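Subject: Structure for you to look through

Dear colleague,

I am passing on the structure we spoke of, with some notes to read beside it. Please open it first and keep it in view while you go through them.

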Amino acid sequence: MPYLLRRLGFFLLTLWAALTLNFFIPRFMPGSPLQALRDRTHNKLSPAALEQMLTSYGFKPNENVLVQYVDYLKNMVTGQWGISIGATLGEPVTRIVRQALPWTLGLVGVTTVLAFLLGSLIGTVAGWRRGGRLDSLLPPAFVVTSALPYFWVGLLLILVFSVWTGGVLPSDFNYDSGMQPAFTPAFVFSVASHALLPAATILITSIGGWILTMRNNMITTLAEDYVRMGRAKGLSDRRIMTAYAARNAMLPNLAGFAMSLGFVIAGAILVEYVFNYPGLGYLLYNAVQNTDYPLMQALFMLFTVAVLVAVLVCDIAIAILDPRSRERDRSGR
Amino acid sequence: MKPTRITFAIVALSASLLAAACSGSTTANNSTSTGNGTGTSAREGGSTDKASHKQGGSLTIANTQGQTWTCQFNPFNPAVNPVSLGFVYEPLVYVNLLQDQKETPMLASSYQWSADKTSIVFTMRQNVKWNDGQPFTADDVAYTFDTMKRVPATDLYSLWTGAGLRSVTAAGDKVTMTFDQAAGPYFFNFANQVGIVPKHIFSTGPAAAHPDTWDDRAPVGTGPYKVDPCSANNIQYVANPDYWQPGKPYLAKIQYPAYLDNGPANLDLGSGKAQWGSQFIPNIKALYLNKSKDNHTWSPPVTNVAIVPNLDPSHAATSKLPVRQAITLALDRQKIALIGEGGQQPVANQTGVVVPTFQKYYDQAAVAAAGYDKPNPDKAKSLMSGLGYSESNPLKLTIITITGYTDWDASLAVVKQQLKPIGIDLTVSDLAQQTFDDRLYNGNFDLAYYGQAGGPTPYYELRQMLYSKNSAPIGKPASFNYERYLNKDVDALFDKYPTADDAGQVDIIKQVGAAMMRDVPIIPTTESVNWFQYNTEDIAGWPTEADPYAQPAAFNVPDVEQVLLHVYSKSAQN
Amino acid sequence: MTALLVDSSTATGAPVRRRGGGLWAAVRGSRKAMVGLAIFLVFAVMALVPQLFTSVRDPNALQFEPGLGSSAEHLLGTTALGQDIFAQLVYGTRQSLVIALVAGFFATVLSVLVGVSAAYLGGVSDETLTMLTNVFLVLPTFPLIIILATYAGKGTLLVILIVLVVTGWSYGANQLRAQALSLRNRDFVESAKVRGERPSYVIFKEVLPTMTSLIVANFLGAALYSVLTAAGLQFLGLGDPNSISWGTMLYWAQSQQALQTGLPQWSLAPGLCVALLGVSFALLNYAFDEISNPALRPARRPRKRRRLRARRTRAGGP
């Protein structure tokens with residue numbers, strides 16, 4: 001319990017730090033909502049009109065910074081994320097995010113979890129069959145794939161499967177423009193075919209890392225005493241592999257999973273950019289280009305929360321799977 | 001990556017105008033200014049002519065927006081104006097920039113200026129209905145303009161502040177607008193660019209409280225199309241059965257998909273999936289024109305893209321005339337257009353008059369006499385060596401531009417190469433949009449690469465760039481005259497323009513052009529165009545070079561309405 | 001622990017004390033490391049003397065016919081603007097290597113500083129530094145990078161290096177701290193303390209050398225991260241479009257729709273180079289993992305021994 005409380009405390013502290021960073025960065029850099037609005041209106045509104053527009057969009061630039069900060073924290077936490085002042089001028093940020101969120105969760109989220117599970121599985125088997133064919137071929141191959149840049153793999157897939165095939169697999173967007181979103185087979189098929197290449201990109205580039213770390217962890221674990229003990233006891237290979245070795249080898253992987261979410265987000269942004277997939281990553285890129293402060297802040301906070309939640313979940317999972325971690329922590333490491 | 005957002009923005013700007021302090025009148029030079037507005041262009045039938053084709057068929061637009069649709073259609077919101085004005089909402093009178101301000105009456109069937117052009121009376125068209133069945137009246141017009149007064153953020157053209165609009169009153173079927181000064185040059189804004197909104201919708205609820213941020217998801221307008229339905233990925237417009245021009249529009253459905261990037265839009269154009277394109281297509285022959293004999297392109301120029309030098313004495317090099325002369329003489333604009341813009345933008349000239357669109361204001365003879373009709377690198381070299389610079393001892397200058405405008409980056413790469421042999425070492429500095437804006441407005445640059453908005457005659461663009469009241473001291477933001485050109489004689493010319501007659505206005509522009517050649521305050525390189533690609537397999541009635549009845553890019557409002565009222569489906573005619 | 005199995009202390013990750021000579025021998029013995037090193041050396045030569053590889057002196061100058069395909073004169077053809085793609089590739093190596101090495105170096109220095117200090121100072125300082133590390137670890141760095149790079153106003157090399165260092169140090173700091181903590185209680189450190197050595201001596205002369213392989217591994221990881229992230233940033237257009245680097249080549253190729261206009265090599269070649277440089281770091285990194293953790297080494301030489309072990313295991317005996 002104290003372990004969990006500590007983790008929760010860490011969660012809140014990091015969230016606060018991220019929100020504060022998010023608040024101050026735009027204020028220290030050149031640019032302002034006033035200038036953003038001036039750009040949107042092509043410099044044609046009078047200064048008075050611009051000021052009025054600022055207020056309409058909920059900005060109070062002349063207020064005390066501290067008051068602004070407190071308001072900002074309150075708004076972020078209660079979901080009042082303001083109105084976009086970017087290219088989607090006038091649209092409530094919550095609406096924009098709500099539209100894009102399922103696409104990122106679906107594409108990036110599902111694929112990442114899939115890569116993690118599949119990778120861990122393959123890594124377990126590879127580590128187990130140390131010295132086998134799988135083991136001598138795969139590691140170098142996966143070292144290579146894990147170092148490939150996301151966007152390059154995406155471009156390559158687009159070239160081979162979309163350009164050279166004359167468009168058999170679509171290379172952009174999330175579904176055919178002519179369709180209305182509905183749970184019809186045609187729509188589902190369209191979504192699936194549009195998600196195929198981006199998902200493949202993420203899988204190819206990220207699975208390698210999981211396989212390798214899992215394999216390495218397995219090998220290290222297999223050298224432990226209790227594995228010998230299990231063999232001595234005459235347990236079946238499969239039981240040793242899963243209940244003894246894999247379960248322990250998984251732990252560093254789980255910890256690493258949460259930490260690697262930063263890379264996942266980077267990958268999400270790049271993949272969505274290359275494939276024009278209208279998810280949160282694409283939104284962030286657009287928001288920064290168009291100096292859309294409200295949207296940027298909301299997205300940054302969302303990303304931070306996502307990573308923190310993942311860390312928390314993984315911590316809980318580790319705490320459940322590994323009683324030592326609770327002990328270790330209590331003794332102050 | 002999304003380069004043509006810039007060209008989109010530039011040309012969209014060209015369809016509007018900032019009203020700075022100005023006086024006088026104009027639009028005396030076209031035939032229907034006091035007429036009762038019947039037909040317009042001859043060939044395909046004017047947009048208010050009787051319908052000459054059968055209805056049916058559909059069309060897909062490929063115009064990159066960069067994000068998915070928000071499904072808002074409020075014409076007071078500048079970000080969504082391009083999908084609502086022209087499709088659903090209409091202006092009072094349409095003014096065609098490409099045909100010397102030829103007018104087509106829309107919601108106003110006629111108008112009458114007062115003698116001194118400080119007031120104008122519009123007569124409303126009869127039997128026009130809003131698409132929810134309510135009748136359109138003069139009250140709607142008055143309410144639209146009053147909203148712009150009440151909520152300044154909706155006054156997108158600064159009519160109540162800059163143009164001097166004093167009052168808008170409705171009486172019967174007439175609307176009277178009065179101004180503080182002669183308001184001829186603002187006709188283009190208030191008659192052509194303001195979408196009229198229904199009073200009965202905009203006077204209630206959130207629309208009345210916040211007309212600038214109201215989302216207007218089910219727009220009620222008088223225009224040829226209704227929105228049905230709109231989703232994040234696509235807007236479908238269906239023909240308005242009660243549209244006041246019977247039998248029109250011809251096309252039953254318009255599809256306007258959301259494109260996040262030029263790539264997929266261009267692919268759809270090439271394959272024929274979309275028929276109306278409005279962005280820059282690199283290597284257009286291979287990607288588009290060669291794909292089908294029905295693929296055509298015609299991109300008319302509307303404003304200039306120019307090198308903006310800093311004329312303030314604090315910038316020693318660029319404030320010297322010989323340096324600027326050397327730069328403009330050294331440029332081989334053909335090469336810049338070929339490599340930077342894929343050959344799809346025409347070359348600009350030193351007078352700043354965009355040809356062939358504004359051919360009648362262009363003084364060919366004067367340009368040739370001044371030696372500006374072709375590049376002259378030798379003279380440029382001698383001008384620079386006169387100041388002590390040569391290729392081995394070059395003058396170092398930095399030009400700022402906006403990151404992401406890759407066609408401008410490419411053009412500047414060519415410029416850099418052309419300036420090297422005459423003794424100028426140019427460094428191109430790419431800045432984020434807001435950083436660039438800051439430095440441009442405040443005069444913190446040697447050279448800048450920029451394109452301004454334009455208007456229906458060269459007066460608008462030139463006046464923006466050269467009028468001293470649009471300038472400001474270094475360190476304070478200038479509204480449009482970023483180079484800080486201060487010339488009383490040129491100011492006087494601009495002041496005379498609104499009250500001059502047609503011939504007088506042409507002469508004034510020619511004199512301003514002469515000042516451009518004499519003082520070289522701005523160095524235009526290429527002419528910014530309306531990107532336009534069209535497919536004729538099923539759709540006919542497009543604007544063409546021979547029949548430029550409207551600016552053809554889909555992002556030009558309200559021109560898009562004119563195109564929509566002309567195009568028809570060939571297969572539906574059987 | 002019998003002699004047949006690997007030493008448990010090494011199996012749990014604490015590195016065996018090595019001097020320089022041992023390190024090099026280990027690298028030479030690993031095939032992966034040699035491949036990685038070879039790739040890196042090729043790029044290093046390309047960066048140092050690009051003139052050896054191409055006759056073009058100014059790769060960004062628009063001096064050729066645009067849009068040409070591969071030929072003897074232009075190994076990879078020309079861009080849509082008329083530049084030799086291969087020449088740009090060769091000259092672009094320099095910036096990518098500089099980014100990798102400089103950003104990797106400084107990020108590692110920062111990691112070592114924070115990680116080892118946290119381990120040694122202990123108490124409140126340790127808690128604070130750890131908290132700082134964790135915050136930076138968890139912050140979504142790529143969005144942060146995009147925001148920082150955009151707001152810096154211009155995407156110069158310095159800006160990119162700074163954002164890379166600021167966002168790239170936290171991963172290593174955690175690892176280094178964990179190891180420094182475990183070393184703190186080791187015999188040789190204790191003996192140094194008992195001898196009366198100053199803490200700085202203990203840190204620099206006893207602890208850090210022991211952590212060499214981990215530090216090097218961290219450096220390689222940071223270099224890999226920098227290469228990929230910088231390429232990503234430049235690809236998105238946040239770098240300097242007029243610089244000569246692989247990332248900006250990708251940016252231009254993308255904006256000119258190279259894939260669709262028949263110039264795929266313009267897009268793929270620089271990406272391949274980024275990938276290869278990344279692979280070389282990854283291979284070296286992987287090899288260093290094996291060096292510091294002998295359990296992971298491929299049992300290449302003693303083929304007989306492996307089969308022996310396997311036979312024994314199957315028989316069910318220890």
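The notes below go from the nonpolar cores to the aromatic pairs and then to chain C.

Please bear in mind throughout that this is a predicted model. The largest nonpolar core takes in 329 residues, and the residues with the most contacts inside this core are Leu92(B), Phe122(B), Phe145(B), Phe190(B) and Tyr237(B). Apart from it there is another core, made up of 18 residues, which include Ala180(C), Leu183(C), Val202(C) and Leu214(C).

Phe190(B) is a useful place to begin looking: if its neighbours within four places in sequence are set aside, Phe190(B) is in contact with Leu92(B), Trp113(B), Ile120(B), Phe122(B), Phe145(B), Leu159(B), Met177(B), Phe179(B) and Ala183(B). Phe190(B) also belongs to an aromatic cluster, which it forms together with Tyr111(B), Trp113(B), Phe122(B), Phe179(B) and Phe187(B).

Over all chains, the count of aromatic pairs comes to 49. One of them joins Phe23(A) and Tyr72(A) in a tilted arrangement, with 5.0 Å from centre to centre and 40° between the planes. This pair links distant parts of the chain, since Phe23(A) sits in helix H1 (residues 2-28) of chain A and Tyr72(A) in helix H4 (residues 65-78) of chain A, 49 residues apart. Both Phe23(A) and Tyr72(A) are buried. A second example is the stacked pair of Phe532(B) and Tyr534(B), whose ring centres are 4.9 Å apart and whose planes are 15° apart. Phe532(B) counts as buried because its relative accessibility is 0%, and Tyr534(B), at 10% relative accessibility, counts as buried too, because the limit for that class is under 20%.

Turning to chain C, you will find 14 helices and 0 strands. Of its 318 residues, 57% count as buried, and among the contacts in chain C with a separation of 6 or more, 69% are between residues 24 or more positions apart.

Within chain C, helix H3 (residues 31-48) and helix H4 (residues 85-121) pack at an angle of about 115°, with 7 Å between their axes, and the crossing of H3(C) and H4(C) is left-handed. On the H3(C) side the contact involves Phe40(C), Phe43(C), Ala44(C), Met46(C), Ala47(C) and Leu48(C), which meet Val90(C), Thr93(C), Arg94(C), Leu97(C) and Leu101(C) in H4(C). The residues of this contact divide into 9 nonpolar, 1 polar and 1 charged.

With best wishes

Terms used
Residues are numbered from 1 along each chain as its sequence is written. Chains are lettered from A and ligands numbered from 1 in the order in which they are written. This is a predicted model: local features need pLDDT of at least 70, side-chain atom pairs count only at pLDDT 80 or more; totals for chains, interfaces and linings use all residues. Side-chain values use heavy atoms; hydrogens and water are left out. A nonpolar core is a set of buried Ala, Val, Leu, Ile, Met, Phe, Trp, Tyr and Cys residues joined through side-chain atoms within 4.5 Å. Buried means under 20% relative accessible area, exposed over 50%, partly exposed in between (1.4 Å probe, protein chains only). Contact means heavy atoms within 4.5 Å. Axes are lines fitted to C-alpha atoms, for helices over the stretch in contact, and angles run from 0 to 180 degrees between N-to-C directions. Helices (H or I, at least four residues) and strands (E, at least two) are DSSP runs, numbered from the N terminus. A crossing is left-handed if the near helix is turned anticlockwise from the far one by less than a right angle, and right-handed if clockwise. Ala, Val, Leu, Ile, Met, Phe, Trp, Tyr, Cys and Pro count as nonpolar, Asp, Glu, Lys and Arg as charged, and the others, Gly among them, as polar. Rings of Phe, Tyr and Trp (its six-membered ring) pair if their centres lie within 6.5 Å; planes under 30 degrees apart count as stacked, over 60 as edge-to-face and the rest as tilted.
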